[in-house]
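The following exercises are to be worked with the sequence and the coordinates at hand. Each task is followed by a solution in steps.

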Amino acid sequence: MFTNEHLASMVRGKLKTLDALGRIEGVGPGRVDRYGARFLALLEQALAPA
């Protein structure tokens, strides 16, 4: 799936789009298509104010 470096980039960048996810070095279109929507949804929940 994603490396720790990829995950850290997602959190630091507070990604909200599949396009932004695809711009992370090492994250290709296959990963974006297969996992992107699920990870963005989880990231949105994790970064939402409590």
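## Exercise 1. A residue of helix H3

Gln45 has a relative accessibility of 61% and therefore counts as exposed. The model to which this value belongs is a predicted one.

**Task.** State where Gln45 lies and how far its C-alpha atom is from that of Ile24.

**Solution.**
1. Gln45 is part of helix H3.
2. Its exposed state follows from the cut-off: a residue is exposed if its relative accessible area is over 50%, and Gln45 has 61%.
3. Gln45 and Ile24 are 21 residues apart along the chain, and their C-alpha atoms are separated by 20 Å.

## Exercise 2. The chain as a whole

**Task.** Determine how many helices and strands the protein chain contains, and assess its radius of gyration against the globule rule.

**Solution.**
1. The protein chain has three helices and zero strands.
2. Along the sequence this gives the pattern α-α-α.
3. The radius of gyration is 10 Å, close to the 10 Å given by the globule rule for 50 residues, so the chain is as compact as a globular protein of that length.
4. Along the principal axes, the C-alpha atoms fill a box of roughly 30 × 20 × 15 Å.
5. The accessible surface comes to about 3,800 Å², and carbon and sulfur atoms account for 55% of it.
6. Of the 50 residues, 26% count as buried.
7. Among contacts with a separation of 6 or more, 46% are between residues 24 or more positions apart.

## Exercise 3. Helix H3 and the nonpolar core

**Task.** Identify the residue at which helix H3 bends, the buried residues of H3, and the residues of the largest nonpolar core.

**Solution.**
1. Helix H3 spans residues 29-47 and bends by about 60° at Tyr35.
2. Its buried residues are Val32, Tyr35, Gly36, Leu40 and Leu43.
3. These buried residues pack against helix H1 (4-13) and helix H2 (18-22).
4. The largest nonpolar core consists of eleven residues: Phe2, Met10, Leu15, Ala20, Leu21, Ile24, Val27, Val32, Tyr35, Leu40 and Leu43.
5. H2 and H3 each supply at least two residues of this core, and H3 gives the most, with four residues.
6. Met10 illustrates the packing. Leaving aside neighbours within four places in sequence, Met10 is in contact with Phe2, Leu15, Leu21, Ile24, Phe39 and Leu43.

## Exercise 4. Aromatic pairs

**Task.** Find how many aromatic pairs there are, and classify each by its geometry.

**Solution.**
1. The description of an aromatic pair requires the distance of the ring centres and the angle of the planes.
2. Centres within 6.5 Å make a pair, and planes over 60 degrees apart make it edge-to-face.
3. By this rule there are two aromatic pairs.
4. Phe2 and Tyr35 have centres 6.0 Å apart and planes at 70°, an edge-to-face pair.
5. This pair links distant parts of the chain, 33 residues apart: Phe2 is in the segment before H1, and Tyr35 is in helix H3.
6. Phe2 is buried because its relative accessibility is 12%; Tyr35 is likewise buried, at 17%.
7. The ring centres of Phe2 and Phe39 are 4.6 Å apart with planes at 85°, so this pair is edge-to-face.
8. Phe2 lies in the segment before H1 and Phe39 in helix H3, so the pair ties together parts 37 residues apart in sequence.
9. Through these ring pairs, Phe2, Tyr35 and Phe39 are linked into a cluster.

## Exercise 5. Leu7 and Lys14

**Task.** Is Leu7 buried, partly exposed or exposed, and what is the sign of phi at Lys14?

**Solution.**
1. Leu7 lies in helix H1. Its relative accessibility is 30%, so Leu7 counts as partly exposed.
2. Not counting residues up to four places away in sequence, Leu7 touches Phe2 and Phe39.
3. The C-alpha atoms of Leu7 and Leu47 are separated by 13 Å, the two residues being 40 residues apart along the chain.
4. Lys14 lies in the loop between H1 and H2, and with a relative accessible area of 55% it is exposed.
5. Most residues other than glycine have a negative phi.
6. At Lys14, phi is positive, near 45°, and this residue is not a glycine.

Note on methods:
Residues numbered from 1 in each chain as written. Predicted model: local features only at pLDDT ≥ 70, side-chain atom pairs only at ≥ 80, totals over all residues. Heavy atoms only, no water. Bend = angle between axes of the 7 residues up to and from the residue. Buried < 20%, exposed > 50% of the residue type's maximum accessible area, 1.4 Å probe, protein only. Contact = heavy atoms within 4.5 Å. Core = buried A, V, L, I, M, F, W, Y, C linked by side-chain atoms within 4.5 Å. Rg over C-alpha atoms; globule rule 2.2 N^0.38 Å. Areas by Shrake-Rupley, 256 points an atom, 1.4 Å probe, with all protein chains shown as cover. Phe/Tyr/Trp six-rings, centres within 6.5 Å; stacked < 30°, edge-to-face > 60°.
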